[in-house]
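This report introduces the structure shown below to a reader who meets it for the first time. It begins with a single residue and then turns to the surface, the empty spaces and the charged pairs.

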Amino acid sequence: MKTQIKLSDHFGYKRLIRYTLPSIAMLIFTSIYGVVDGIFVSSFTGKTEFAAVNFIYPFLMVLGAVGFMIGSGGSALIAKTLGEGNKEKANRLFSMLVSVTVVIGVTFALIAFFIIEPIAYALGARGEMLSWCVIYGRVLLIGLPAQMLQFEFQSFFVTAEKPKLGLLVTLGAGFTNIIFDALFVAVFPFGVVGAGVATVLSQYVGGVLPIIYFLSKKNKSLLSLGKFNFMGKELLKTCTNGSSEFLSNISMSLVSMVYNAQLMAFLGEDGVAAYGVLMYVSFIFIGCFIGYSVGTAPIIGFHFGAQNKAELKNLLKKSLIIFCVGALVMFGISEALAYPLAFMFCWYDSGLLALTEHAFRVFSVSFLFAGFPIFASSFFTALNNGVVSALISFMRTLVFQISAVFLLPLIMGVEGIWWSLIVSEVLATIVSAIFVVSNKKKYGY
């Protein structure tokens, strides 16, 4: 029988993979049921509705990014507090963060419900596409508080030394989404509304079940929900720690909006639909990188709090090697599956299928580089250095990606849009390496 892995353990390759595998699987499966969502909408509603869903979704992700911020930043601070031996404070902090998230989620949902139509219009949606954007967006806002909780519990389960339980919750949420997608879109003709309701139901499964567990007397993990006092300083530190993940998710959403605007100008709805397929599929590949980073962050944070510099060095070295191997594997898989993956979404339109396949073959080159800045940003978050972490995320997305998607089409036409992500990931990898090397003496890794 395998013994339970502790944050305080020494980690070799096998133990690292064992501990992070549930987090990787969690992110992959979350992405897969998003892909299934897209397949149902594309196949049973039509190209305009599919484009509308992909067009408004980045705005909704901007709001949900608060969950990533509190989850990643809070996990780093909680892991550091546990490493210092103060479990009671760690639990009070955990309870406060969950409660704050609920309040923020409800507030954001109410405000966004009334402004989503002008937002969609300002982004470029018109006519029937605008109507579907508003309908789908308002349905998903019902689940916004649960979505934020679902995002942050993905990190908190790992910190609580229960990554496998976190995976089970994610599987439950995913199957909920898939089952109700099939029921509300394929069986009953509820279309975009049905797809939205299925997503909301899955978010409540992923966001509410963890609360029940952490309140339960059967909870034997490192963390539990209970009484707390408001800790403004710690909340600010959490937001600072998680600012990179917050900025990264907001930036990715803003970048998606810019990509959609550029593609609407160059290719119309076909361009937006093709980009939607790229995003669905890339979530799976990028999910591997993010899942590993989420899984290792509490380990790094714990050993940082315990001042175990030798283990920090060990974790960094082994992680970089794992990422090198993983990048090569993902690139090979993505090139081999470019046509089948495009066909899953675009079988009904040969022109859209050809466009999507070509775009994906170019786009997949970015997987060779994307993992390094993702891990570097997470690494500095775990070291409670939110400033460096945020700078890496800021440069990767808001500076490099947006600059590339505006400048390269001026030189290469629409082809420049597909190549822009490759250029930005290469530049982000260089910047990440500079930060890692320059902070080596400070942290002793």
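## Two residues with a positive phi

Gln 307 counts as exposed, because its relative accessibility is 52% and exposed residues are those over 50%. The model in which this residue is seen is a predicted one. Gln 307 is placed in the loop between H10 and H11. The backbone at Gln 307 has a positive phi of about 60°, although the residue is not a glycine. Most residues other than glycine have a negative phi.

A positive phi is also found at Glu 161, with a value of about 65°, and Glu 161 is not a glycine either. The residue belongs to the loop between H5 and H6. Is Glu 161 buried or exposed? Glu 161 is buried, because its relative accessible area is 10% and buried residues are those under 20%.

## A nonpolar patch on the surface

Six side chains make up a nonpolar patch on the surface: Tyr 13, Ile 321, Val 325, Val 329, Ile 333 and Leu 337. Together they have about 480 Å² of accessible area. Which helix gives the most to this patch? The answer is helix H11, residues 309-336, with four residues.

Val 329, a member of the patch, is found in helix H11. With a relative accessible area of 44%, Val 329 is partly exposed, because that value lies between the 20% limit for buried residues and the 50% limit for exposed ones.

## The second largest pocket

Val 325 and Val 329 also appear in the lining of the second largest pocket. The space in this pocket amounts to about 210 Å³. Its other lining residues are Ile 17, Ile 24, Cys 288, Phe 289, Tyr 292, Ile 322, Phe 323, Gly 326 and Met 330. Three elements give two or more residues to the lining, namely helix H1 (13-44), helix H10 (269-305) and H11.

Of these, H11 provides the largest share, six residues. The lining of the second largest pocket consists of 10 nonpolar residues and one polar residue, with no charged residue. Helix H11 thus contributes both to this lining and to the nonpolar patch.

## The second largest cavity

Rolling a probe the size of a water molecule over the atoms shows where empty space is left. How many cavities of 30 Å³ or more does a search of the whole structure find? The search finds three. The second largest cavity has a volume of about 50 Å³.

This cavity is lined by Met 26, Gln 150, Phe 153, Gln 154, Phe 157, Gly 166, Val 169, Thr 170, Gly 206 and Pro 210. Helix H5 (144-159), helix H6 (163-187) and helix H7 (191-215) each give two or more residues to the lining. The most comes from H5, with four residues. In character, the lining of the second largest cavity divides into five nonpolar and five polar residues, and no charged residue is present. H5 and H6 are also the helices on either side of the loop that holds Glu 161.

## Salt bridges

The structure holds six salt bridges. In one of them, the side chains of Arg 361 and Glu 335 meet at 3.6 Å, N to O. Arg 361 lies in helix H13 (residues 350-363) and Glu 335 in helix H11, so this pair ties together parts that are 26 residues apart in sequence. Arg 361 is partly exposed, with a relative accessibility of 32%. Arg 361 also forms a salt bridge with Glu 357, and here the closest N and O atoms are 3.2 Å apart. Both partners of this second pair lie in helix H13, four residues apart, which is about one turn of the helix. Glu 335, Glu 357 and Arg 361 are therefore linked in a network of salt bridges.

Another salt bridge joins Arg 396 and Glu 425, with the closest N and O atoms 2.9 Å apart. Arg 396 lies in helix H15 (residues 386-412) and Glu 425 in helix H16 (residues 415-438), so the pair ties together parts that are 29 residues apart in sequence. Are these partners, Arg 396 and Glu 425, buried or exposed? Both are buried.

Methods
Residues are numbered from 1 along each chain as its sequence is written. This is a predicted model: local features need pLDDT of at least 70, side-chain atom pairs count only at pLDDT 80 or more; totals for chains, interfaces and linings use all residues. Side-chain values use heavy atoms; hydrogens and water are left out. Patches are made of residues with over 30% relative accessible area and no salt bridge: like charges are joined within 9 Å, nonpolar side chains (Val, Leu, Ile, Met, Phe, Trp, Tyr) within 5 Å. Accessible areas come from the Shrake-Rupley method with a 1.4 Å probe; for residues, only the protein chains shown count as cover. A salt bridge is a side-chain nitrogen of Lys or Arg within 4 Å of a carboxyl oxygen of Asp or Glu. Buried means under 20% relative accessible area, exposed over 50%, partly exposed in between (1.4 Å probe, protein chains only). On a 1 Å grid over the protein atoms alone, a cavity is a set of points where a 1.4 Å probe fits but cannot get out, and a pocket is an open set with protein on both sides within 12 Å along at least five of seven lines; lining residues have an atom within 4 Å of a point. Grid points are joined across faces, edges and corners, and a volume is the space filled by probe spheres set on the points. Ala, Val, Leu, Ile, Met, Phe, Trp, Tyr, Cys and Pro count as nonpolar, Asp, Glu, Lys and Arg as charged, and the others, Gly among them, as polar.
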